[in-house]
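Biologist: Could you take me through this model, beginning with what surrounds the ligand and then turning to the sheet?

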Amino acid sequence: MLGHYPDEGTAAVLELPASPAYNCAVTFVIRDFQPEDFETLWRMDQECFPPGIAYSKQELKAYVRHRGVFTLVAADAKDGIGGFIVAHEGPTGHIITIDVIAAARRSGVGSRLLQAAEERLRSGGSRAVGLETAVDNLAALAFYKRHGYSVVRTWPRYYSNGVDALVMKKALL
Ligand SMILES: CC(C)(COP(=O)(O)OP(=O)(O)OC[C@H]1O[C@@H](n2cnc3c(N)ncnc32)[C@H](O)[C@@H]1OP(=O)(O)O)[C@@H](O)C(=O)NCCC(=O)NCCS
């Protein structure tokens, strides 16, 4: 998750093989964010991250409205929104955040969101994608490694709660 005071740095991109295919949760449809989704997404972010890392409404609103940013939502007709991803397009794309509700985890929702965002970035001309994650977020680290991301550097005390961030990158071939 992008911290409150982003700094992209100049870390090198590692060339990595494409991530393997997943058995995805079939009930979720990936679609573009609609303004009426905002409150749900913000509440999900509050549940997904600890205080000091979760975004304020103003921060999340600024990210989703930012030029060059797109937000994808995983929605199920029965249960509603199960997750979302916010990403920034560019020569090196950036995953700003990805959030999956606890009840929907380990069923492929995060993978579908990440793969859809990577595809959007790739078709928009991005040749690589980067992100930051807290060093103690072991689930996120395992998730990103499973998807072919590698740690390229550490940002000490990156988050406002004093936790270091790992910068991870992946080539989009
Ligand atoms: C990280 C996160 C997005 C993963 O979403 P998800 O829908 O559970 O991920 P998937 O089901 O697609 O998992 C794909 C693979 O990632 C790895 N993985 C995901 N969560 C894991 C966990 N808790 N422990 C170990 N490996 C994990 C596994 O290899 C998994 O494959 P498997 O289930 O076949 O073993 C989700 O845990 C989340 O929203 N966490 C809170 C918010 C957060 O930390 N976001 C990342 C911020 S940078």
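Biologist: How do the residues of the shell around the ligand divide into nonpolar, polar and charged?

Modeller: This is a predicted model, in which local features need pLDDT of at least 70 and side-chain atom pairs count only at pLDDT 80 or more, while totals for chains, interfaces and linings use all residues. Residues are numbered from 1 along each chain as its sequence is written. Ala, Val, Leu, Ile, Met, Phe, Trp, Tyr, Cys and Pro count as nonpolar, Asp, Glu, Lys and Arg as charged, and the others, Gly among them, as polar. On that basis the shell around the ligand divides into nine nonpolar, seven polar and four charged residues.

Biologist: Which element gives the most to the shell around the ligand?

Modeller: The ligand is surrounded by 20 residues (C-beta atom, placed from the backbone, within 6 Å of it), and the closest are Arg 105, Gly 110, Ser 111, Ala 139 and Ala 142. Two or more residues each come from β4 (92–100), α3 (109–123) and α4 (138–146), where helices (H or I, at least four residues) and strands (E, at least two) are DSSP runs, numbered from the N terminus. With five residues, the element that gives the most is α4.

Biologist: Which strands stand at the edges of the sheet?

Modeller: Seven strands form an open sheet with mixed pairing, in the order β1-β2-β3-β4-β5-β7-β6, two strands being paired if DSSP finds at least two bridges between them. Two of the strands have a single partner strand each, so one side of each is left without a neighbour in the sheet, and these edge strands are β1 (29–32) and β6.

Biologist: How many residues of strand β7 are buried?

Modeller: Strand β7 (residues 165–171) pairs in the antiparallel sense with β5 (residues 128–134) over seven bridges, and with β6 (residues 150–155), also antiparallel, over five bridges. Within these pairings Val 167 is the bridge partner of Glu 132, and Ala 165 stands opposite Trp 155. A residue is buried if 20 or more other C-beta atoms, placed from the backbone, lie within 10 Å of its own, and in β7 the number of buried residues, out of seven, is six.

Biologist: At what angle does α3 run to β3?

Modeller: Angles run from 0 to 180 degrees between N-to-C directions, with axes fitted to C-alpha atoms, for helices over the stretch in contact (C-beta atoms, placed from the backbone, within 7 Å). Helix α3 lies across β1, β2, β3, β4 and β5, and its angle to β3 is about 35 degrees.

Notes:
A residue is buried if 20 or more other C-beta atoms lie within 10 Å of its own, exposed if 12 or fewer, and partly exposed in between; C-beta atoms are placed from the backbone. Two residues are in contact if their C-beta atoms, placed from the backbone, lie within 7 Å.
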